[in-house]
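Work through the exercises below with the structure in view. Each task is followed by a solution in steps.

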There are 2 protein chains.
Amino acid sequence: MTNAATAEFLADLQDALPKGRFRAVKAGELDDPRGRHVGLAAVVATPHCVDEVSTIARLCHAAGVGIVPLGGGTGLVLGQVAHSGPAPVVISLERMTAIREVYPSENAMVVEAGAILHDVQAAAEAVDRLFPLSLASEGSCRIGGNLATNAGGLNVLRYGNTRDLCLGLEVVMADGTIWHGLKRLRKDNTGYDLKNLMIGSEGTLGIITAATLRLFARPSKTAAAVFVVEDPKSAIDLLAMAQATVGEGISAFELISGVGLDFLTETLPDLRQPFEVRPDWCVLIDLGVSAEAVPEEMLLALFEKALAAGLVSDGVISQSEAQRQEFWAVREHIPVGNRNIGSISSHDISIPVSRIPDFIPEGIAKLQALGDVRVNCFGHLGDGNLHYNVFPAKGLDRKDFDDIRAAVKKTVHDLTHAYEGSVSAEHGVGRLKVEDLERYQDPVKLAAMRAIKTALDPKGILNSGAVLRAAGAT
Amino acid sequence: MTNAATAEFLADLQDALPKGRFRAVKAGELDDPRGRHVGLAAVVATPHCVDEVSTIARLCHAAGVGIVPLGGGTGLVLGQVAHSGPAPVVISLERMTAIREVYPSENAMVVEAGAILHDVQAAAEAVDRLFPLSLASEGSCRIGGNLATNAGGLNVLRYGNTRDLCLGLEVVMADGTIWHGLKRLRKDNTGYDLKNLMIGSEGTLGIITAATLRLFARPSKTAAAVFVVEDPKSAIDLLAMAQATVGEGISAFELISGVGLDFLTETLPDLRQPFEVRPDWCVLIDLGVSAEAVPEEMLLALFEKALAAGLVSDGVISQSEAQRQEFWAVREHIPVGNRNIGSISSHDISIPVSRIPDFIPEGIAKLQALGDVRVNCFGHLGDGNLHYNVFPAKGLDRKDFDDIRAAVKKTVHDLTHAYEGSVSAEHGVGRLKVEDLERYQDPVKLAAMRAIKTALDPKGILNSGAVLRAAGAT
């Protein structure tokens with residue numbers, strides 16, 4: 001267990017740093033976005049540079065006081081919400097937002113951890129490059145948090161997860177020492193992969209203060225299509241056909257269910273949908289290609305081939321950027337429709353792609369045996385990442401399902417595990433899924449994780465209670 | 001330090017496994033491919049399955065006897081060559097060569113660590129997929145060794161290093177426990193990235209026994225071109241233009257120097273070269289595209305654009321697969337030419353791409369101040385990975401340079417470090433570069449590496465002396 005921050009400790013901390021590096025908690029900033037808990041903080045530190053982060057860590061380490069790094073606070077698994085135990089020092093990266101350097105000819109940029117994702121994207125665009133990480137909270141999440149949680153998002157199929165977009169890190173270790181690892185090399189085999197160990201460790205092994213990010217050529221031309229498929233199996237066969245036909249240009253391949261479209265019709269009737277007759281399943285395909293290609297023609301060729309093979313029955317191909325945005329608006333409003341309906345339980349899972357067609361109906365049958373529910377299953381099919389969310393049947397209230405909520409979650413997670421899937425595809429473990437990790441993770445990997453945690457943070461001060469149960473906690 | 005394997009220990013080991021799991025060392029199999037050292041072995045174990053590897057590790061762990069995992073033995077940095085200290089148990093993966101499962105619709109396959117890289121490529125091709133890892137030793141290296149060293153090769157620009165081609169691992173830990181991590185998920189954020197920690201750890205943190213590998217759609221059409229550029233700066237500008245013009249289809253972008261072509265002319269006069277007048281610098285560009293594209297036209301469009309911009313002065317574009325192979329034969333024979341001439345010192349380095357144009361001539365000037373040498377600088381320009389190899393001037397013998405060899409190496413490595421580069425881009429650290437690692441690696445990262453090593457292998461039995469100096473050794 002970590003120690004409480006005494007008044008003496010806090011005074012020492014203030015003395016060790018320039019003025020103006022501490023502030024009180026702002027209303028709401030430590031609240032879980034889904035409203036389940038409120039985070040504790042002895043104080044919020046707002047360091048301006050890596051050396052100041054180092055100083056804070058060194059003093060906390062000496063005193064055994066906990067540290068919680070804070071980015072944009074948008075995480076959905078309580079990784080940033082320390083809601084029990086002694087109140088920690090919260091280190092907000094809000095004052096470390098610089099884009100330190102941009103190297104267009106190297107397709108690389110160095111940014112501080114507090115930079116807002118949208119600002120990182122804009123800095124890349126300013127030099128005619130693409131930083132492809134894109135997710136719902138991009139206007140407020142910070143890149144350090146994206147790295148700490150290995151965020152996923154919409155373009156993983158083509159560009160990978162956040163870890164695949166990072167070439168180097170600057171990290172303050174538990175004892176305050178600084179790893180200067182901001183290399184911008186594509187190949188570097190000089191020792192263990194500390195970078196990937198830090199990425200996705202959710203602030204429990206080190207505090208990321210800056211990163212070297214990969215940039216990409218901006219696709220010169222983009223186009224999107226929505227194709228109607230009979231079922232998820234057809235969608236997966238279509239994905240394989242698309243990869244062979246227009247492969248290197250596919251930026252996203254998203255599954256949309258009729259249930260999700262119904263939610264939009266029910267709660268957002270003004271949102272324009274691509275088909276008059278609501279399909280049971282459809283996919284959104286986004287292409288981004290270089291100057292010499294014609295994406296609309298590529299999508300048409302794919303459609304004709306897929307129609308001949310019986311994989312699709314209808315489709316629309318964008319003929320303008322506005323139309324492409326219209327298709328994307330449908331996809332992006334699906335979570336809004338979900339919130340409007342109100343879910344009983346939401347799940348961020350991944351399944352081996354070829355097993356998805358069996359998983360989806362088996363899960364629905366098991367859930368409907370528990371109660372009168374609807375499932376909106378949608379998401380990043382190309383990555384096997386499903387948002388498998390459970391709702392009351394039409395006319396019922398989610399409150400009527402309070403007593404089966406735990407059973408719903410366990411049913412989905414048990415089935416996911418049986419299908420060799422993951423119970424946290426892109427959101428992480430945080431404090432919400434510590435028990436799930438203990439239940440489903442390989443025990444040898446868990447033991448290795450605990451050994452690594454002890455090796456790099458022997459006092460257990462870094463984001464105590466996230467990912468792994470705090471030493472001594474039950 | 002590890003313990004010597006006593007006769008009693010070896011008898012116990014034999015008793016614990018089925019018959020036929022041990023053999024004597026074969027002539028040459030533990031020799032360094034570059035002839036610098038010969039590896040020691042108390043015995044060579046040839047387990048048939050992960051449980052047998054586990055048994056061996058458990059007994060070695062109990063007795064404190066060292067283990068060296070052996071793949072194809074093609075590594076160039078002595079990672080597989082334990083040439084000092086007590087003779088270890090060498091675990092050869094030669095009997096674990098199965099392609100366990102292939103999942104074409106998931107673009108994934110599960111293979112055992114002893115599978116020869118060429119056989120892995122062939123198994124992918126058999127289901128019309130691509131496993132893109134490709135390197136000179138692919139006919140004899142084993143995938144477990146490729147993973148342990150995070151091998152690079154020719155297609156990193158497009159498909160990444162070996163770590164980017166791996167979805168999951170099965171690993172025997174130092175104490176013999178087995179991590180069953182053969183997931184085939186694209187997104188899985190359930191805990192620390194043990195997979196990437198194992199990849200590139202060169203057998204010092206665990207013994208990789210199987211892996212889930214990523215497959216890709218096979219490009220339907222391929223074409224290659226060789227373009228003459230004035231200097232490395234033009235080559236880098238051409239790379240940026242190529243990424244914007246034909247971006248998503250570029251599989252390789254290789255720099256070739258006139259010195260390398262001279263070596264071919266001198267020692268392989270029958271090899272057909274692409275240009276009558278030997279250029280100072282040229283690049284080989286390889287495109288692999290899907291069915292809807294025409295790679296020859298894409299290369300021609302690039303050439304015309306580059307010619308107009310003054311980036312290229314001449315070029316040839318393949319009009320047949322035979323011609324493409326002819327271009328590649330030139331690139332692939334450059335190391336043969338090097339061997340025929342005989343290098344004073346060879347370096348596997350990477351440099352931030354934008355700094356390469358300054359690095360190359362500065363290095364040559366510094367080296368020529370040491371002696372009358374020629375530099376053949378070639379390699380994977382798209383990755384910033386240069387093979388920067390130093391040779392005697394024409395008419396001189398490499399033996400005349402014995403006294404400056406260490407200075408040559410230090411000059412190249414010091415300059416690489418000053419340019420924020422890596423002294424081991426793709427070959428790893430092994431036992432050859434332990435001192436380089438200590439000299440050039442960030443001390444905080446080194447401390448973290450040592451802590452992780454102790455946490456996962458507290459007795460230091462796994463490939464002792466590779467990557468990190470063995471405890472107690474000087």
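Copies are superposed by least squares on the C-alpha atoms of residues with pLDDT of at least 70 in both. The model is predicted.

**Exercise 1.** Find which rotation and shift superpose chain A on chain B.

Solution. Two copies of a chain are related by a rotation about an axis and a shift along it. Here the rotation is 180 degrees and the shift along its axis is 0.0 Å, with an RMSD of 0.0 Å. The two copies are therefore related as by a two-fold rotation axis. The same surface serves both copies, since 100% of the contact residues of chain A recur in chain B.

**Exercise 2.** Locate A:Glu202 in chain A and state whether A:Glu202 is buried or exposed.

Solution. Start with the backbone: A:Glu202 is not a glycine, yet its phi is positive, at about 55 degrees. The residue lies in the loop that runs between α6 (194-198) and β10 (207-214) of chain A. Buried means under 20% relative accessible area. A:Glu202 has a relative accessible area of 7%, so A:Glu202 is buried.

**Exercise 3.** Do the same for B:Glu420 in chain B.

Solution. B:Glu420, also not a glycine, has a positive phi of about 60 degrees. Its place is the loop between α12 (405-418) and α13 (434-440) of chain B. With a relative accessible area of 38%, B:Glu420 is partly exposed.

**Exercise 4.** List the domains of chain A and give the separation of the centres of domain 1 and domain 3 of chain A.

Solution. Chain A is divided into domain 1 (7-94), domain 2 (99-217), domain 3 (219-339) and domain 4 (342-427). Taken over C-alpha atoms, the centres of domain 1 and domain 3 of chain A are separated by 43 Å.

Definitions and conventions
Residues numbered from 1 in each chain as written. Chains lettered and ligands numbered in written order. Predicted model: local features only at pLDDT ≥ 70, side-chain atom pairs only at ≥ 80, totals over all residues. Heavy atoms only, no water. Contact = heavy atoms within 4.5 Å. Helix = DSSP H or I, 4+ residues; strand = E, 2+ residues; numbered from the N terminus. Buried < 20%, exposed > 50% of the residue type's maximum accessible area, 1.4 Å probe, protein only. Domains from an automatic or database assignment.
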